[in-house]
There are 2 protein chains.
Amino acid sequence: MAKVFEKKGLTKKSDNISDWYHDVVLRAGLAEYSDVKGCMIIKPHGYALWEKAQAVLDSWFKEDGVQNVYFPIFIPMSLFQKEKEHVAGFSPELAVVTHAGGEELAEPLAVRPTSETVITGKFADWVQSYRDLPMKLNQWCNVVRWEKRTYPFIRTSEFLWQEGHTVHADKQDAMLMVMQALEWYAQFYREHYAIEPYIGLKSESEKFAGAQATYAIEIVVPDGKALQAATSHYLADHFTKVFGVEYLDEEGNKKFAHQTSWGLSTRAIGGLIFTHGDDSGLVLPPKVAPQQVVIIGIAGKEMADQEKVVEYAGHLHKILKDAGVRVVSDVDFRKTLGFRINEWELKGIPLRLEVGKKELEAKSVTAVRRDNFSKETVTESVLHVKIPKLLETIQHDLYKKSEQSRNDLTAEVSTYDEFKDVMANKKMFIRAAWCEDAVCEAAIKEETKATTRVLELDRVHESGKYQCVGCGEPAHRKWLFAQSY
Amino acid sequence: MAKVFEKKGLTKKSDNISDWYHDVVLRAGLAEYSDVKGCMIIKPHGYALWEKAQAVLDSWFKEDGVQNVYFPIFIPMSLFQKEKEHVAGFSPELAVVTHAGGEELAEPLAVRPTSETVITGKFADWVQSYRDLPMKLNQWCNVVRWEKRTYPFIRTSEFLWQEGHTVHADKQDAMLMVMQALEWYAQFYREHYAIEPYIGLKSESEKFAGAQATYAIEIVVPDGKALQAATSHYLADHFTKVFGVEYLDEEGNKKFAHQTSWGLSTRAIGGLIFTHGDDSGLVLPPKVAPQQVVIIGIAGKEMADQEKVVEYAGHLHKILKDAGVRVVSDVDFRKTLGFRINEWELKGIPLRLEVGKKELEAKSVTAVRRDNFSKETVTESVLHVKIPKLLETIQHDLYKKSEQSRNDLTAEVSTYDEFKDVMANKKMFIRAAWCEDAVCEAAIKEETKATTRVLELDRVHESGKYQCVGCGEPAHRKWLFAQSY
């Protein structure tokens, strides 16, 4: 089915996905750039998507005994510099406060890029015995990483996220936490954002600065590039040794705690836009849409006709609201119908119910799906059942489409020529055997701009007999490669 | 009734309320100071109180059509300096980022102390016509005001808050918003934090930097001092003129929008601690208590006895949870009963249910109220009804006590000698006629440390024939004075 109205000035997704993305972010009212380079203003429609993510994840965290806290945004430079790899990884991106209260500070303060250092410092005070473990904390906050090239939601100098920080008695318990967080993120993307991502282990060169192992969620953007969409780190005792997080075990022996950290940020919204949006703008999965249904009143200039439609729309509005549907009504007859439909399509509202004279007489609505523009007539008497059902169908169809797209955009290659060919032409994710040597990885990146994304979870224990796609040396696991955002 | 267990090391509230306050903050696990001067770590028990405030206020804001957004934490200095009074008011407290991404910035960035400047700048883009008005935005975020003397929750260099920012067609509509926000805050304090505050208008010298008028909520701390606990500002067109927030009215005339801003911060938690806490620690109103009831299992060393109590406690736990009560159980028999009761009293859990052999046999619990230590036996069969009822009673009693305390701590005086006498001895709020001259106000402050707190709402239109308590000149309204936190 064809789309109903041309979007003036909106780049086609297939023409230039980057221009299209920026157009959608602005025109759907999701965000704008601010006067500070690389910092974003998140507008109501964009922020509502973040609140949906917060509500879902926060409830899961709490059920699992994770407790919310708030640590200061400022980290003394000396504290920040305690873990060697960590400081090397984050120093180039720091924003630094040097003056406060009208005076130069004795010690500059880093604006947190992440909070491992301050939080681990406190774990040292709070953890004494095995009875204090595990200790699971989380905070919802802003962080700052000064970026040279920025992209709304995807890469901004300031962004919002949650950062979970936990300490455990041993590696086994910490790894359970790492995997639990990864599972939350995967479930969130699948069930709420209707996205099927790749999930797996990062290579040594791609892992978090200071981690023993990093696991990640990678979204396959429709242009074949990768978007790292959440991470979960096993930090071993790297930070706990530096900060002295020691506890007495049941036998009275002193041990260093094992640590995890995990985060998901407003970047998730970028993944959502990229995955489902189309040439008419944003497309929102019903579960996370701030408004799931828009009732559009249609009437000519006659006041009496308009009043009847307004009344009918109000009646339908109530039915849907009572059925638990997030509904909004648009009976602004001053604007043209085409303009109004355009605006709601841009905003990605999953379902549009048109009500005019025809529907009024038939006691029905014309329901138009945002995701595929299919139309159907729904009678008023079954509205409270059919519409929630239709929203479920849309949610499911979007997810299946995302899964299909991910699979279609993944190639399996065995030679470096094939690899280079893919990266030079239609970009895709590539599953290929790799020797796991960092020099080889760097050479591939240098030539193709593709980096290792993840080793999929079900391949971690693979022990195949392959040749590395890059250097030809023996390899035993197939990794996913892609160019990344 | 006497309290049950002595709190070792906890200062008595009546001996030194400041030491007591710091002890409670630390020992109840609400917050700690961090390595950065004046910045606070909000621990789970403290953060949960903030989350309660967020949930209540956020739902009221949304019902009224206020939309959540997020603006950058950094404000270019040139933007910040645009409104003259505003910059004069906040400059001494700014934290400034001068370096980022390894380079010195061309223009330093202020860390937001409040967001009028950045948000008004955007209103100028978003508001064109009267149809765009009112526009009501809010954000939940951190702000930084560098403070010389800090006090946990009450005055910290970084704090969390919500800041509402709205623009309206005219003064009348803006004032309705100012009053609505003030009413939300009052209702929140009354119904949830169980505090009866004073509500009124600030004097010219005490108003927000850049406002036409500031309204505030003032809590009467039990030491007779004032805690400004929320503010709501009418900004008139002070900022909208500077930033060019103009709109076309229905007749096609260009007009400047009228603006409001209003905020409530983590300082609210300080008010809660001060108001209800006692010599045994924190006392939480049931509506905001993260845990409303603690079931304490009592048993000797016999494993069989312990098991029976654990089983019974679990059974009661389920009954209460099903009744919608936030309940926690403590059957940690390794610790002494006294220690355990101490800890739960420190944390302020409103109701303690003791269950031991006696209760097990009688199929009952011994319920002990945190607020007044009164005990009663409640049989299991009516637990699901009686406990929620008892929690309501506690909430109500705490509120009435707060109202009584506020009134008891308010004096009405007509001479300056009386005024000075009160401020020099038992500190109180003083209601007294004042000429409304800033020089007189400053002289009173200089001599007594007392400032005008508010002109109560029902006195705004007063036109009495009084003598000013300070200078003896004619005065027509009675203001509230107090020393303030």
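Student: In which sense do strand 5 of chain A and strand 5 of chain B pair, and over how many bridges?

Tutor: Two strands pair if DSSP finds at least two bridges between them; strands are DSSP runs of E with at least two residues, helices are runs of H or I with at least four, and both are numbered from the N terminus. In this structure, strand 5 of chain A and strand 5 (residues 95-100) of chain B are antiparallel, with 5 bridges. Within this pairing, Ala100(A) stands opposite Ala95(B). This is a predicted model, in which local features need pLDDT of at least 70 and side-chain atom pairs count only at pLDDT 80 or more, while totals for chains, interfaces and linings use all residues. Residues are numbered from 1 along each chain as its sequence is written, and chains are lettered from A and ligands numbered from 1 in the order in which they are written.

Student: How many residues does the contact take from chain A and from chain B?

Tutor: Two residues are in contact if their C-beta atoms, placed from the backbone, lie within 7 Å. The contact draws 39 residues from chain A and 39 residues from chain B. Several elements of chain A each supply at least two residues to the side that touches chain B, including helix 2 (44-63), strand 6 (103-111) and strand 8 (158-168). Strand 5 of chain A provides the largest share, 6 residues. For classes, Ala, Val, Leu, Ile, Met, Phe, Trp, Tyr, Cys and Pro count as nonpolar, Asp, Glu, Lys and Arg as charged, and the others, Gly among them, as polar. On that side of chain A there are 24 nonpolar, 8 polar and 7 charged residues.

Student: What turn and what shift lay chain A on chain B?

Tutor: Copies are superposed by least squares on the C-alpha atoms of residues with pLDDT of at least 70 in both. Here a turn of 180 degrees and a shift of 0.0 Å along the axis lay chain A on chain B with an RMSD of 0.0 Å. The two copies are therefore related as by a two-fold rotation axis. In chain A, Val97(A) has the C-alpha nearest the axis, 2.1 Å from it. Both copies use the same surface, as 100% of the contact residues of chain A recur in chain B.

Student: Which residues touch the most other members of the largest nonpolar core?

Tutor: A nonpolar core is a set of buried Ala, Val, Leu, Ile, Met, Phe, Trp, Tyr and Cys residues joined through C-beta atoms within 7 Å. A residue is buried if 20 or more other C-beta atoms lie within 10 Å of its own, exposed if 12 or fewer, and partly exposed in between. The largest core has 293 residues, and those touching the most other members are Val97(A), Val355(A), Val97(B) and Val355(B). Leaving aside residues up to four places away in sequence, Val355(B) touches nine-membered company that includes Ile295(B), Tyr312(B) and Leu360(B).

Student: How is the open sheet of chain A ordered?

Tutor: Its 11 strands follow the order 3-7-8-14-11-10-9-22-25-21-20, with mixed pairing. Strand 3 and strand 20 (410-412) of chain A are the edge strands, each pairing on one side only. Strand 3 runs parallel to strand 7 (residues 135-144) of chain A, joined by 2 bridges, and Asn68(A) stands opposite Asn138(A) in strand 7.
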